[in-house]
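Me: Could you take a close look at one helix for me, and at one residue on it in particular? I would also like to see how that part fits into the whole chain.

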Amino acid sequence: MNRTRIRKAVLPAGGLGTRFLPATKAQPKEMLPLIDKPAIQYIVEEAVKSGIESIMIVTGRNKRAIEDHFDKSVELEMALAAKGDGEMLDIVRGISNMADIYYIRQKEPLGLGHAVYSARHFIGDEPFAVLLGDDILISDPPCLRAMIDVYEQTGSSVVAVMQVPWEETEKYGIADFDAESGDRRIRGLVEKPPRGEAPSNWAVVGRYIFTPDIFRYLEKAAPGRGGEIQLTDSMQQMNAEQPMVAYPFHGRRYDIGDKFGFVQATVDLALERPDLADRVRAFLRQRLLGDE
């Protein structure tokens, strides 16, 4: 059965980043660097490696730095060329040529559901991906690529999930499905259930594939938890009428919306860099073990 190819993605980036104040007072949280690359670039790279061609980034006030980062920088390229730094010149040019990137401003931070709905004219009548910037997912193939494969097999919306400790389920959207039997159809979704009330410990981890039908539900959505338009509420309504399936993700996940998660990602990524790994490993050994 021929299905419309997934070629578009939405990246919500309109949040205020209050958990990282004061660093995010004048700088988008999405531009905080993991070593020498802003967090949002990791998300865009995953999308591109997964076959996405066009990306809509939903921004807000004080987010202009995101647009500048993915734009062509003539002055910088000229300066690098004059220095003869061909390697860095290629890197800088590559950033502006990764994909066709578009922007729309979310005038108020009214929730994830509202951010996704803001991209409806860009998406049109096509299936599409949503990638959240707080989740850095490391796997081969990329998580989104594997989810696209699931969509192509099933034609259903796909939600990435990962097991978390039961005592942490209240922090996440939780998907209820029969993981033991291999039937991945989602029976229900609940946003941040109170402790002890989660139907499973499979947490939604910031990657989604939706058919365009999701916009019908978002259009009618009322403010939910926190007075925001919750994406999970519309997903629950949509799931009652057409199947959604879970994609269990088994790679590495970093929640960089959390300070400790941000530190974890920075350390692990540094340990994978040939130019940093030995020095970082020696520094950690010295700090933790007191070795000279």
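Reply: Let me start with a term for the charges: Lys and Arg count as positive and Asp and Glu as negative, while His and the chain ends are left out. By that count the protein carries 37 positive and 44 negative charges, and the mean positions of the two sets lie 3 Å apart. Please keep in mind that this is a predicted model.

Before zooming in, here is the overall setting. The secondary structure comes to 11 helices and 13 strands. The radius of gyration is 20 Å, close to the 19 Å that the globule rule gives for 292 residues, so the protein is as compact as a globular protein of that length. Its C-alpha trace spans about 60 × 50 × 40 Å along the principal axes. Of the 292 residues, 47% are buried. Among contacts with a separation of 6 or more, 76% join residues 24 or more positions apart. The exposed surface comes to about 15,400 Å², with carbon and sulfur atoms supplying 50% of it.

Now to the helix you asked about. Threonine 232 sits in α9, which runs over residues 231–239. With a relative accessible area of 12%, threonine 232 falls under the 20% cut-off and is therefore buried. Leaving aside residues up to four places away in sequence, threonine 232 touches Leu189, Val190 and Glu191. Strand β10 covers residues 183–191, and β10 is one of the elements that the buried residues of α9 pack against.

Threonine 232 shares its buried state with Leu231, Ser234, Met235, Met238 and Asn239 of α9. These buried residues cover an arc of only 160 degrees around the axis, so they lie on the same side of α9. Besides β10, their packing partners are the helices α5 (112–117) and α8 (214–219), together with the strands β8 (157–163), β11 (202–210) and β12 (244–248).

Another helix, α1, is worth a look alongside. Nine of the 11 residues of α1 (residues 39–49) are buried, so α1 is largely enclosed by the rest of the structure. The buried residues of α1 are Ala39, Ile40, Gln41, Tyr42, Ile43, Val44, Glu45, Glu46 and Ala47. After α1 comes glycine 51, with a positive phi near 100 degrees.

Notes
Residues numbered from 1 in each chain as written. Predicted model: local features only at pLDDT ≥ 70, side-chain atom pairs only at ≥ 80, totals over all residues. Heavy atoms only, no water. Helix = DSSP H or I, 4+ residues; strand = E, 2+ residues; numbered from the N terminus. Buried < 20%, exposed > 50% of the residue type's maximum accessible area, 1.4 Å probe, protein only. Contact = heavy atoms within 4.5 Å. Arc of directions from axis to C-beta. Rg over C-alpha atoms; globule rule 2.2 N^0.38 Å. Areas by Shrake-Rupley, 256 points an atom, 1.4 Å probe, with all protein chains shown as cover. Charge placed at Lys NZ, Arg CZ, Asp CG, Glu CD.
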